[in-house]
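Hi,

Here is the structure I said I would pass on. Have a look at it first, and then read my notes below.

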Amino acid sequence: MKSTAILLALGLALVLPAGAGNRDPSGQARPKRSPQQVFKKKDRDGDGFLSRAEFTARTKDAAKAEASFTRKDKNSDGKLSLAEFRGKRGAKGQADKPGKGRKKAKAANAKAARKAKAASKAKARRRNR
């Protein structure tokens, strides 16, 4: 019984091409759409923002879509701009996310702290003279 299932799975793996789910009916690979294209397609009313309903429409998992919408909506206005949708730094609150911006800010803060410490040591040395 187990061997039959294994042979069937191996046979299907050989017959079905890799990435078959990413192909159109003619067998051609579908090009990946850019975030702007996805945003424009989801923006049904054409106002330049995605409402919660537009964002979650035609999704497989509504709960995940809702959570994703809430996470992306940085200014909590109930709609996503293209910048929020793409997750770009220009959207409000993006500096709080881990990444290069946060690392640069940490480095700048550490450098400022070292400078302040050096300045206070120099001042203490001058006082002790």
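Leaving aside its neighbours within four places in sequence, which residues is Thr56 in contact with? Ala65 and Glu66 are the ones. Before I go further, please keep in mind that this is a predicted model.

Staying with Thr56 for a moment: this residue sits in helix H3. Is Thr56 buried or exposed? Thr56 counts as buried, because its relative accessibility is 16% and the cut-off for buried is under 20%. Its side chain also has a partner in the backbone: a polar atom there lies 2.9 Å from the backbone oxygen of Arg52.

Now the overall layout. The protein chain has 6 helices and 2 strands, and from the N terminus the order is α-α-β-α-α-β-α-α. There are 129 residues, of which 12% count as buried. If you take the contacts with a separation of 6 or more, 29% of them are between residues 24 or more positions apart.

On to the core. In soluble globular proteins, nonpolar side chains tend to be buried together. Here the largest nonpolar core has 6 residues: Phe39, Leu50, Phe55, Phe69, Leu80 and Phe85. Phe69 is a good one to click on. Not counting residues up to four places away in sequence, Phe69 touches Leu50, Phe55 and Leu80, and its list of contacts also includes Ser51, Arg52, Gly78 and Lys79.

For a link across the sequence, try Arg86, which belongs to helix H5 (residues 82–86). Arg86 and Pro35 are 51 residues apart along the chain, yet their C-alpha atoms are separated by 6.4 Å. Beyond the residues up to four places away in sequence, Arg86 touches Pro35 and Gln36. With a relative accessibility of 36%, Arg86 counts as partly exposed.

Then there is the largest pocket. How much space lies in it? About 340 Å³. The residues lining the largest pocket are Arg33, Val38, Lys41, Lys42, Arg44, Glu54, Ala57, Arg58 and Thr59. Sorted by class, that lining has 6 charged, 2 nonpolar and 1 polar residues. Helix H2 (residues 35–42) gives the most to the lining, with 3 residues.

One of those lining residues, Arg58, turns up again in the backbone angles. Most residues other than glycine have a negative phi. Arg58 is not a glycine, but its phi is positive, at about 55 degrees. You will find Arg58 in the loop between helix H3 (52–56) and helix H4 (62–72). Arg58 counts as exposed because its relative accessibility is 69%, and the cut-off for exposed is over 50%.

Where is Ser76 found? Ser76 lies in the loop between H4 and strand E2 (79–80). Ser76 has a positive phi too, of about 50 degrees, although it is not a glycine. Its relative accessible area is 62%, so Ser76 is exposed.

If you only have a few minutes, I would start with Thr56 and the backbone oxygen of Arg52, then go to the contacts of Phe69 with residues including Leu50 and Leu80, and finish at the pocket lining around residues such as Glu54 and Arg58.

Cheers

Terms used
Residues are numbered from 1 along each chain as its sequence is written. This is a predicted model: local features need pLDDT of at least 70, side-chain atom pairs count only at pLDDT 80 or more; totals for chains, interfaces and linings use all residues. Side-chain values use heavy atoms; hydrogens and water are left out. On a 1 Å grid over the protein atoms alone, a cavity is a set of points where a 1.4 Å probe fits but cannot get out, and a pocket is an open set with protein on both sides within 12 Å along at least five of seven lines; lining residues have an atom within 4 Å of a point. Grid points are joined across faces, edges and corners, and a volume is the space filled by probe spheres set on the points. Helices (H or I, at least four residues) and strands (E, at least two) are DSSP runs, numbered from the N terminus. Ala, Val, Leu, Ile, Met, Phe, Trp, Tyr, Cys and Pro count as nonpolar, Asp, Glu, Lys and Arg as charged, and the others, Gly among them, as polar. Buried means under 20% relative accessible area, exposed over 50%, partly exposed in between (1.4 Å probe, protein chains only). A polar contact is a pair of N or O atoms within 3.5 Å; within protein, one must be able to donate a hydrogen and the other to accept it, and residues adjacent in sequence count only if both atoms are side-chain atoms. Contact means heavy atoms within 4.5 Å. A nonpolar core is a set of buried Ala, Val, Leu, Ile, Met, Phe, Trp, Tyr and Cys residues joined through side-chain atoms within 4.5 Å.
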